[in-house]
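Here are my notes on this one, written as I would pass them across the desk. Have a look at the chain first, then read on.

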Amino acid sequence: MKRRVFLQKTSAGLGVLAGWPRMSARMSVASPALAPPRRQEPPADNYRAPEWLRYSRTIYFEGYAPPVYPRVANFDAKRLVELSQALGGDTLRFQAVGYRANYPSKVFPVYPELGNRDLINEVSQECRRAGMHLYCYCILAGGLDARVIDDPRYAAYVLRDVDGQPPIRTTGYGNGVMVTMCGTGDPYRQAVRKQAQELCEHEIDGVYYDAPSGYRGVCFCDSCRPGFKKFTGMDVDRLRNVRDLDHLPDDTDMHALSAWYDWANKLTEEDLVDLRRIIHGSGKFMLCHNGGTWRPGSFHAQYRYPDGFMVEHSEEFYQRLLRSLMGSAMARPTKKLAQTYMGGYDVAANGHPLHNRPWAAHVMNLEDGDEIRMEGFADLAGGNMPIYCVVNRLLYGIGDGSTEPVKEVFAVVQKAEPVLKDSAPVPYMTIVPTADSLEMFRTRRQSWNLMMSEGMALAMLDARLSFEVAPNLEVSREWLQSQKVIALCGASAITDGDAQLLAEWVKNGGGLLATYDSGLYRENGEQRQDGGALREILGVEMKSDAPDGQADTFYRIAKTHPALGEYQEGKVVMGDGMLVRVTTRPGVTVLAEAVNMETQEVLGPAIVANQYGRGRAIYVGGSLEAHYAASRVISLRKMLASMVRYLASDAPEPFSLEAPQGVYGILRRAPSGDLVLWVCANVGFKDAAVGRMRQQYLPVPNVLVKVRVPEGRTVRSVELLRAGKTVPHSVSAGYAVITLPAVHIAELVHLSLA
């Protein structure tokens with residue numbers, strides 16, 4: 001599930017719990033500065049996460065559902081661990097803290113019926129007996145049982161509105177009533193440090209924090225008022241009309257709100273540094289939820305602080321793959337764990353179907369189908385470890401589902417460890433979303449960067465062009481040297497530093513594809529008045545925001561060019577009615593114009609090619625990739641693929657497939673140099689828009705696979721790791737040629753190289 005309804009909101013502070021010593025002299029420092037530099041690193045320490053962590057098979061026990069919520073009843077740690085082991089897991093994520101604590105905490109409310117029981121200890125003892133690893137879940141500034149908000153021990157933890165009352169009361173996960181906690185006030189921030197010490201006193205391997213920087217609202221408590229004032233010089237009352245950070249009033253004070261996010265991010269960084277020090281100091285690892293970091297206003301460098309992180313699943317295969325690839329790109333350089341859910345908390349997706357009101361978790365009914373296999377294999381193809389959600393399904397024996405799908409996924413994980421662990425994509429092109437585009441909210445603008453990147457990913461999957469996804473936070477001069485083609489898909493905001501790196505790279509032979517408003521804005525959301533950060537590379541100067549789209553707008557090819565493949569001069573193809581207006585610089589080639597077919601008005605250049613030094617650049621004034629995700633119009637995919645091949649100077653492609661549309665290939669290179677090709681047959685019933693549907697897939701026969709053999713290497717053997725058998729191969733024109741008799745859901749093709 002899209003990690004908690006909480007992430008749809010935002011958190012801020014309240015506090016004054018005197019008497020506790022500060023865990024760090026830096027904790028409440030609030031110097032009037034901008035958001036932290038995006039490439040900052042946490043303080044170095046001597047801790048090293050265990051080797052097993054980044055390839056662990058994790059089972060998740062949900063703490064917002066029976067048998068521990070809304071009350072502890074019939075909890076059996078031995079049965080929980082036995083079930084987790086039976087699924088093929090080697091690690092248990094146990095929720096130690098939800099709306100109350102499941103252990104005798106001195107700083108957080110405990111379930112009354114818990115008595116003297118410590119569920120962490122009970123689970124830990126069973127895990128040690130069974131040889132399983134264990135880490136504990138704790139949410140940062142999440143929900144608090146509303147029954148304790150008048151308790152003086154906890155009242156200061158609650159997020160407060162201008163009138164001093166909790167602004168948000170919900171049913172949480174369908175049981176009881178909860179309020180939102182304040183994450184920016186000193187009382188809670190002190191408590192969470194003490195809570196970390198309490199957790200680390202248990203015999204566990206690590207601690208997982210849900211939703212750092214998943215802010216849930218502006219707080220007006222007695223701690224947040226002076227804290228915000230000290231950092232910004234402003235009164236927080238300037239934000240008194242902001243009740244929902246996702247739905248801002250028209251008269252929102254954006255200067256004050258931007259400063260609030262900068263303040264909250266500074267506190268989040270301080271919290272992570274201190275929590276990391278406490279947890280590492282006890283010899284344990286720290287993990288975090290990372291989904292919230294790719295949201296407007298969040299602490300985008302958060303992923304650098306823990307020893308690993310988890311991102312949410314997505315309903316569609318290509319969206320899940322994009323997020324997995326992006327997560328693994330952030331984890332791989334420092335060998336962190338990257339996880340993505342397989343399975344869900346509910347019988348439907350978050351927010352729908354409409355009959356599911358109030359929204360509630362349904363984790364008691366085991367109804368797994370082939371969707372678990374597809375989700376798990378997609379996670380692995382993207383370089384992430386699947387985490388099964390959730391083991392609560394098995395505790396009550398309800399439903400007609402099966403545990404076989406998750407068992408098979410974890411069996412493949414074990415079998416393929418030598419080639420999957422620490423493997424990396426073999427990209428022909430790389431999609432680069434920019435964190436800076438998320439900051440467009442500061443000027444009340446919105447970037448479609450991630451959605452457009454998803455469309456590009458789908459187009460590349462359908463074109464069978466190997467790709468990677470790496471956020472600009474991981475872009476460096478050294479990294480660029482290994483890239484053929486970079487795609488910026490509506491990457492609205494780009495820093496001068498990143499633009500300079502790209503300019504050097506293209507000038508030395510790289511290929512850049514940029515679409516829509518890429519580079520039109522600065523990292524603070526302000527529109528550039530110089531024609532855009534990429535004006536020299538692209539050979540165009542952007543004039544302004546794209547005006548409202550016009551119906552019946554198409555692209556008319558103005559010049560036959562290899563970047564457009566089979567589409568020649570005079571051909572009219574689908575375009576984008578949202579067109580950024582540009583003026584072209586001398587020396588560029590206009591390949592297509594946008595034309596209103598009803599009025600015959602030429603709206604301006606739509607596709608432009610530029611030679612920049614020894615490299616090439618293509619600019620598309622609209623977003624063909626966004627339209628492809630919505631329409632699957634074949635001309636869009638063909639043009640985008642032709643542009644990528646042209647920018648790569650028609651370099652040999654890493655692999656090819658001959659199979660129906662919906663059969664995707666994802667190529668990875670093992671640390672040994674061997675190649676592994678995931679072939680995922682996403683063919684069958686999908687209707688994902690209805691909600692979280694159980695899925696069935698159709699087998700696809702006779703899939704022809706060709707994989708480029710690295711120069712100087714030979715293929716010793718080809719093994720189908722899921723099927724568990726070797727298959728014959730031939731070599732032709734530098735490619736290993738293999739026919740897969742049938743692919744049902746997915747197959748992993750391992751090419752052992754000599």
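Is K638 buried, exposed or partly exposed? Keep in mind while looking that this is a predicted model.

1. **K638 and its partner.** K638 comes out as partly exposed, because its relative accessible area is 29%. Its side chain makes a salt bridge with E566, with the closest N and O atoms 3.5 Å apart. The two sit in distant parts of the chain: K638 belongs to helix 15 (residues 634–647), E566 to the loop between strand 18 and strand 19, and 72 residues separate them. E566 itself is exposed, at 53% relative accessible area.

2. **Another long-range pair.** E408 and R373 also meet through their side chains in a salt bridge, at 2.6 Å from N to O. Here again distant parts of the chain are linked, with E408 in helix 8 (residues 404–415) and R373 in helix 7 (residues 370–381), 35 residues apart. E408 is partly exposed at 21% relative accessible area, whereas R373 counts as buried at 15%. The cut-off for buried is under 20%, so do read those two labels alongside their percentages.

3. **A pair within one helix.** R277 and D274 form a salt bridge at 3.7 Å, N to O. They are three residues apart in helix 5 (residues 254–281), which means about one helical turn lies between them. As a reminder, an α-helix has 3.6 residues a turn, so residues three or four places apart point the same way. The accessibility is uneven: R277 is partly exposed at 42%, while D274 is buried at 1%.

4. **The network around that pair.** R277 and D274 also belong to a network of salt bridges, together with D186, R189, R193, K266, E270 and D271. For the whole model, the salt bridge count comes to 47.

5. **Helix 1, the buried side.** Which residues of helix 1 are buried? In this helix (residues 77–86) they are A77, L80, V81, L83 and S84. They lie on the same side of helix 1, because the arc they cover around the axis is only 160°. What they pack against is strand 1 (58–61), strand 2 (91–95) and helix 2 (119–130).

6. **S84 up close.** S84, in helix 1, is a serine worth clicking on. Its relative accessible area is 0%, so it is buried. Its side chain reaches the backbone oxygen of L80 at 2.9 Å. Leaving out residues up to four places away in sequence, S84 touches I59, G89, L92, M132 and V391.

7. **The two ends of helix 1.** At the start, a side-chain oxygen of D76 comes to within 3.1 Å of the backbone nitrogen of K78. After the helix comes G88, with a positive phi near 100°.

8. **The loop leading into helix 1.** Please check the backbone here. The peptide bond joining P66 and P67 is cis, with omega about 10°, and the one joining Y69 and P70 is cis too, also with omega about 10°. P67 is in the loop between strand 1 and helix 1, as is P70. That loop also holds N74, a residue other than glycine whose phi is positive, near 60°. N74 is exposed, at 76% relative accessibility.

9. **A second positive phi.** I745 is not a glycine either, yet its phi is positive at about 75°. It is in the loop between strand 31 (735–743) and strand 32 (746–753). In contrast to N74, which is exposed, I745 is buried, with 0% relative accessible area.

10. **F554, M574 and the surface.** F554 lies in strand 18 (residues 553–557) and is partly exposed at 31% relative accessibility. With V572 and M597, F554 forms a nonpolar surface patch of about 210 Å² of accessible area together. M574, in strand 19 (residues 572–574), is partly exposed at 22%. Between M574 and F554 there are 5.0 Å in space, C-alpha to C-alpha, for 20 residues in sequence. Beyond its neighbours within four places in sequence, M574 has contacts that include F554, Y555, L624, H627 and M639.

Key: Residues are numbered from 1 along each chain as its sequence is written. This is a predicted model: local features need pLDDT of at least 70, side-chain atom pairs count only at pLDDT 80 or more; totals for chains, interfaces and linings use all residues. Side-chain values use heavy atoms; hydrogens and water are left out. Buried means under 20% relative accessible area, exposed over 50%, partly exposed in between (1.4 Å probe, protein chains only). Helices (H or I, at least four residues) and strands (E, at least two) are DSSP runs, numbered from the N terminus. The arc is that of the directions from the helix axis to the C-beta atoms. Contact means heavy atoms within 4.5 Å. A polar contact is a pair of N or O atoms within 3.5 Å; within protein, one must be able to donate a hydrogen and the other to accept it, and residues adjacent in sequence count only if both atoms are side-chain atoms. Patches are made of residues with over 30% relative accessible area and no salt bridge: like charges are joined within 9 Å, nonpolar side chains (Val, Leu, Ile, Met, Phe, Trp, Tyr) within 5 Å. Accessible areas come from the Shrake-Rupley method with a 1.4 Å probe; for residues, only the protein chains shown count as cover. A salt bridge is a side-chain nitrogen of Lys or Arg within 4 Å of a carboxyl oxygen of Asp or Glu.
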